[in-house]
Amino acid sequence: MVTLFYDGHCPLCMKEISVLQRYNTAQQLTLVDIHSDEFETLYPQISKEAADRLLHAILNNGQLVTGLDANVAVWQAVGKHKWLRVLRWPFIRWFADRGYLLFAKHRHKISYWLTGQERCDACTKDSCPPRYPK
């Protein structure tokens, strides 16, 4: 069992969460929106600010992993995208981590470029509601 903490206000993140939910047929993944009312009460050990900067996940052994380590663990938990392990190989890891950090820092801008939405304030059914750009 892996618990993933994600940004429920990020349109791209929500698209990935929707895919993860479909693949989570064996219930090996728990998904927690860091903006939910229960987050800080149920997971006081996870900083909301840190989890908003980059993915956080708790593995079945209790270990906290972040960034691409969290992303790879989540996809392994649902049995998909096994090729992502390549991103953890020593030489590739350095470059992949920098790329991930750049993406994470600018994910809302990237979301806007790709989806027309920078943020979604109230998400329903794990997808952002339609919103018109201002």
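This is a short talk on the sheet, the helices, the cores and the ring pairs of one structure.

Okay, hi everyone. What you see is a predicted model, where local features need pLDDT of at least 70, side-chain atom pairs count only at pLDDT 80 or more, and totals for chains, interfaces and linings use all residues. Residues are numbered from 1 along each chain as its sequence is written, and side-chain values use heavy atoms, with hydrogens and water left out.

Let's start with the sheet. It's an open one with 4 strands in the order S2-S1-S3-S4, and the pairing is mixed. Helices (H or I, at least four residues) and strands (E, at least two) are DSSP runs, numbered from the N terminus. Two strands count as paired if DSSP finds at least two bridges between them. At the edges sit strand S2 (29–33) and strand S4 (64–66), each pairing on one side only. On average, neighbouring strands here are turned by 25° against each other, direction ignored.

Now zoom in on S1, residues 2–6. S1 and S2 run parallel, joined by 5 bridges. Leucine 4 is opposite leucine 31 in S2.

What about the helices? Helix H1 (residues 11–23) lies across S1 and S2, at about 160° to S1. For these angles, axes are lines fitted to C-alpha atoms, for helices over the stretch in contact, and values run from 0 to 180 degrees between N-to-C directions. Helix H4 (residues 67–77) packs on the sheet too, touching S1, S2, strand S3 (56–58) and S4. Contact, by the way, means heavy atoms within 4.5 Å.

Next, the inside. A nonpolar core is a set of buried Ala, Val, Leu, Ile, Met, Phe, Trp, Tyr and Cys residues joined through side-chain atoms within 4.5 Å. Buried is under 20% relative accessible area, exposed is over 50%, and partly exposed is in between (1.4 Å probe, protein chains only). The largest core has 23 residues, and Val2, Leu4, Leu20, Leu29, Ala57 and Val74 touch the most other members. H4 gives the largest share, 6 residues. Apart from that core there's another, of 8 residues, including Phe39 and Ile58.

Last bit: rings. Rings of Phe, Tyr and Trp (its six-membered ring) pair if their centres lie within 6.5 Å; planes under 30 degrees apart are stacked, over 60 edge-to-face, the rest tilted. That rule gives 6 aromatic pairs. Why is the pair of tryptophan 94 and phenylalanine 95 edge-to-face? Because their planes are at 85°, with the ring centres 4.8 Å apart. Ring pairs also link Phe5, Phe39 and Tyr43 into a cluster. Thanks, that's me done!
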